[in-house]
Amino acid sequence: MATKAGGYNRVVEENRKLFNMVQDLKGNIRVYCRIIPLFQAESKNIIDFIGEDGSLFILDPSKTLKDGRKLFQFNRVFGPKAGQDEVFKDTQPLIRSVMDGYNVCIFAYGQTGSRKTYTMSGPSGGTSKDMGINYLALNDLFRMSNDRKDIMTYDIYVQMVEIYNEQVRDLLAEDKIDNKLEIRSCNDDGLSLPDATLRPVTSTTDVLTLVKLGKVNRAVSSTALNNRSSRSHR
């Protein structure tokens, strides 16, 4: 039995290495584009073509067809009809890499109103079908942790910070006034925030509770499109 168990563990370890090798070959940095549906009937659709290879052609209505057609290249482009599950599937393999000790960062970038929060978190009060990448990734992470509990124990913690006016702020600190953090250099890991609050979690629900707390502490102000737009990066 001990020999068989050892052989099984070696196969599992080899599969993990091969899996993460494939992820490396796909590229350490991947850029995806998500196109949101038109909300106003009078809005002009500038999307000309979406390629399976991640190519995106757009049209500038103020220019001629020849001069106004531009090409952008991404790892993949999700069209207006793409659901949350479809967007998550391309990032799901990275969750396994996290469980194998790799550092992974997934973030959304775009102007106010481009549905970054919807993609990452889902709509407020939405159903499980509408859950964003953050929540789907957490569910996957805790599921894998539970599946591996007989061979490995994971300690999972949550840290939530924001950058506002060139200051790093701890969103989970008990002291809401003195919550500024100092960035320090590390020889092995680059930069770190050693004084940032770390909260242990054992389920997706635990994480969501802390995220709600952190959102309350974020810096917000009004914009032309959103009267409570975040003014920071987290």
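**Notebook: salt bridges, strands and odd phi values**

I started with Arg 184, which is partly exposed at a relative accessible area of 37%. A reminder to myself: this is a predicted model.

**Entry 1, salt bridges**

I checked what the side chain of Arg 184 meets, and found a salt bridge to Asp 195 at 3.6 Å, N to O. This pair links distant parts of the chain: Arg 184 is in strand β10 (residues 184-186), while Asp 195 is in the loop between β11 (190-192) and β12 (199-201), eleven residues apart. I also noted a network, in which salt bridges with shared partners join Arg 76, Glu 86 and Asp 90.

How many salt bridges are there by this rule? I get a count of nine. One of them joins the side chains of Arg 148 and Asp 100 at 3.1 Å, N to O. Arg 148 lies in the loop between α6 (133-147) and β6 (156-158), and Asp 100 in the loop between α4 and α5, so the pair ties together parts 48 residues apart in sequence. Is Arg 148 buried or exposed? I have Arg 148 as buried, with a relative accessible area of 9%. Its partner Asp 100 is partly exposed at 21%, and I note that the cut-off for buried is under 20%.

Arg 143 and Asp 147 also meet in a salt bridge, at 3.1 Å, N to O. Both sit in helix α6, four residues apart, so about one helical turn separates them. Arg 143 is partly exposed, with a relative accessible area of 41%.

**Entry 2, the β7-β8-β9 sheet**

Next I looked at an open sheet of three strands, with the order β7-β8-β9 and antiparallel pairing. β7 (161-164) and β9 (180-181) stand at the edges with a single partner strand each, so one side of each has no neighbour in the sheet. β7 and β8 (residues 167-170) pair over four bridges, in the antiparallel sense. Here I found Ile 163 opposite Val 168 in β8.

I then went to Arg 169, found in strand β8. Arg 169 counts as buried because its relative accessibility is 16%. What is Arg 169 in contact with, leaving aside neighbours within four places in sequence? My list has Met 160, Val 161, Glu 162, Tyr 164, Asn 179, Leu 181, Asn 217 and Ala 219.

**Entry 3, positive phi**

Most residues other than glycine have a negative phi. I looked for exceptions. Glu 166 has phi near 65° and is not a glycine. Glu 166 lies in the loop between β7 and β8 and counts as exposed, at 78% relative accessibility. Arg 115 has a positive phi too, about 70°, again without being a glycine. Arg 115 lies in the loop between α4 and α5 and counts as partly exposed at 28%.

Two glycines went on the page as well. Gly 101, just after α4, takes a positive phi of about 100°. Gly 54 has a positive phi of about 90° in the turn of the β2-β3 hairpin, where four residues lie between the strands. β2 and β3 (residues 55-59) pair in the antiparallel sense over three bridges, and Ile 47 stands opposite Ile 58 in β3.

**Entry 4, α4 and the loop after it**

In α4, I have Leu 94, Ile 95, Ser 97 and Met 99 as buried. What forms the nonpolar surface patch that includes Tyr 102? I find Val 98, Tyr 102 and Val 104, with about 210 Å² of accessible area together. Tyr 102 lies in the loop between α4 (92-99) and α5 (116-121), and is partly exposed at 38%.

**Entry 5, loose ends**

Leu 38 is in the loop between β1 (32-34) and β2 (47-50), and is exposed, with a relative accessible area of 51%. Leu 38 and Pro 80 are 42 residues apart in sequence, but 8.2 Å apart in space, C-alpha to C-alpha.

I counted zero disulfides. Among the cysteines, Cys 33 counts as buried at 15% relative accessibility, whereas Cys 105 is exposed at 65%.

**Entry 6, totals**

I closed with the whole protein, which has seven helices and 14 strands. Of its 234 residues, 30% are buried. The accessible surface comes to about 16,500 Å², with 52% of that belonging to carbon and sulfur atoms. Among contacts with a separation of 6 or more, 51% are between residues 24 or more positions apart.

Conventions
Residues numbered from 1 in each chain as written. Predicted model: local features only at pLDDT ≥ 70, side-chain atom pairs only at ≥ 80, totals over all residues. Heavy atoms only, no water. Patch = residues over 30% accessible without salt bridge, like charges linked within 9 Å, V, L, I, M, F, W, Y side chains within 5 Å. Areas by Shrake-Rupley, 256 points an atom, 1.4 Å probe, with all protein chains shown as cover. Salt bridge = Lys/Arg side-chain N within 4 Å of Asp/Glu carboxyl O. Buried < 20%, exposed > 50% of the residue type's maximum accessible area, 1.4 Å probe, protein only. Disulfide = S-S within 2.5 Å. Pairing = 2+ DSSP bridges. Contact = heavy atoms within 4.5 Å.
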